[in-house]
Amino acid sequence: MRTAAAWRRPALVGLVLAAALALAACGDEDSSPPAATNGPDEGKREVVIEASDGAFDPKTVYSKTAPSVVTVRSVFGGGGGGILGGGGGAGLGSGFVINDNGEIATNAHVVTDAQASGGGDISRADEVYVEFVDRNQVPAEVVGFDPFVDVALLKIDPDGLDLASLELGSSADAEVGQPVAAIGSPFGEEQSLSVGVISATDRSIESLTDFTIDGALQTDASINPGNSGGPLLDAEGRVLGINQQIRTASGADEGVGFAVPIDAIRRSIEQLREDGEAEYAFLGVTTQALYPQLAERLDIDAPTGALVARVVDGGPADDAGITAGEEELRFQGQEVTTGGDVIVAVDGQDVVEESDLAEAIAEHRPGDTVVLEVLRDGETEEVELELGDRPADAPRN
């Protein structure tokens, strides 16, 4: 079932051996840590790799980009005592330089006490340190973090450091089968390289809230605890995403890893840089995907769209008169809520894929006005509404 913001959570149960999703990074240093992450750009000195024939050369990608990848260590509960200080808890992850001003991107769960889909209050680490490949180890400030896409922006003093930033690519251009490389610190083994391909695009993965992250990249490049916050790179060394989580039955990599898309991270970083927080637009509906066979069964004159299954009381959609279905129907092995509005387009952009509604809303800021094209009682209507501010604990869109 799609939610109000058209964000969905992947099924975590019912898989062979009860497979589970695990965040790819933090954890106490004396216990098995979780899994992975990635980040953003901007600055004078960027790493650019020229691929003359388009061939994938992992050695070249690594040699050019590894100096921009850092190990991130977080101290919780008054651990104190510097990067190796004792007492309290400690977390381990990865990150990467995004400009020569000393900004570094990582996962929010690397530098906070947040858990996947945890909701509630999130606290920052008491101390955060980053370690470079040349063995420099410096303290970092958490400028801000965004639990909706699990990204954090760190800032270090660049004086005396030779910083090179990574170029940000476009996750929208990523293709299945495309070779990729992941660099990070799995299990504390710093500057580790793993390679693979993009296994799928447009996945929905868990965030640190009740919403999901749409447009995520799935990869078979090996990702393990400690990789969180590190970059997923294309053949030219451009960042496609931040390695964030793995699907696993054992707690270690089993060839199914996920990265937060760099397009979402770029938008988040721009906001975090401004005021330390990221805002997201909110529609206030839970939806289910419409497809040709279901449309025929329901006698709906549109092959694709989003069936409105729930409307959040007092939300923007509710205020605009969007109605939810009230009848339950079982079709092709799943429960479908019928009888409500069907959203078929947003600002003239058709809702075709399951994540299209969520992604269209995510392009906006709270307070923006959008026009929904809605099928209601067999007639097409246009509904104009003002988007709200997404709460961390509301159901989806």
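Thr60 is partly exposed, with a relative accessible area of 27%; here buried means under 20%, exposed over 50% and partly exposed in between, with a 1.4 Å probe and protein chains only. Thr60 sits in helix H1, residues 58–65. Its C-alpha is 9.0 Å from that of Ala235, although 175 residues separate Thr60 and Ala235 along the chain.

A word on what you're looking at: this is a predicted model, where local features need pLDDT of at least 70, side-chain atom pairs count only at pLDDT 80 or more, and totals for chains, interfaces and linings use all residues. Residues are numbered from 1 along each chain as its sequence is written, and side-chain values use heavy atoms, with hydrogens and water left out.

**The whole protein**

The protein has six helices and 26 strands. Helices (H or I, at least four residues) and strands (E, at least two) are DSSP runs, numbered from the N terminus. Of its 397 residues, 55% count as buried. Take the contacts (heavy atoms within 4.5 Å) between residues at least 6 apart in sequence: 69% of them join residues at least 24 apart. The exposed surface comes to about 16100 Å², with 43% of it from carbon and sulfur atoms; these areas come from the Shrake-Rupley method with a 1.4 Å probe, and for residues only the protein chains shown count as cover.

**A buried valine**

Which residues does Val69 touch, leaving aside its neighbours within four places in sequence? They are Gly95, Phe96, Ile183, Gln191 and Pro231. Val69 lies in strand S3, residues 69–76, and counts as buried at 1% relative accessibility. The C-alpha atoms of Val69 and Ser185 are 9.4 Å apart, with the two positions 116 residues apart along the chain.

**The largest pocket**

The largest pocket has a volume of about 440 Å³. On a 1 Å grid over the protein atoms alone, a pocket is an open set of points with protein on both sides within 12 Å along at least five of seven lines, and lining residues have an atom within 4 Å of a point. There are 23 lining residues, and Asp214, Gly215, Arg267, Glu359 and Glu363 are the closest to the pocket's centre. The lining divides into 11 nonpolar, five polar and seven charged residues. Strands S12 (192–206) and S13 (212–219) each supply at least two lining residues, and so do helices H3 (262–275) and H6 (356–362).

Helix H3 has 14 residues and reaches 20 Å from its first C-alpha to its last, close to the 20 Å expected at 1.5 Å a residue. The expected span is 1.5 Å times one less than the number of residues. Buried positions in H3 include Ile262, Ile265, Ile269 and Leu272. An α-helix has 3.6 residues a turn, so residues three or four places apart point the same way. Just after H3, Gly276 takes a positive phi of about 80 degrees.

**Two aspartates with positive phi**

Most residues other than glycine have a negative phi. Asp202 and Asp299 go the other way:

| Residue | Phi | Place | Relative accessible area |
|---|---|---|---|
| Asp202 | near 60 degrees | strand S12 | 27%, partly exposed |
| Asp299 | near 60 degrees | loop between helix H4 (292–298) and strand S19 (305–311) | 73%, exposed |

Asp202 is in strand S12, one of the elements that supply at least two residues of the pocket lining.

Conventions
1 Å grid on protein atoms, 1.4 Å probe; cavity = no way out; pocket = protein on both sides within 12 Å on 5 of 7 lines; lining within 4 Å. Points joined across faces, edges and corners; volume = space filled by probe spheres on them. Nonpolar A, V, L, I, M, F, W, Y, C, P; charged D, E, K, R; others polar.
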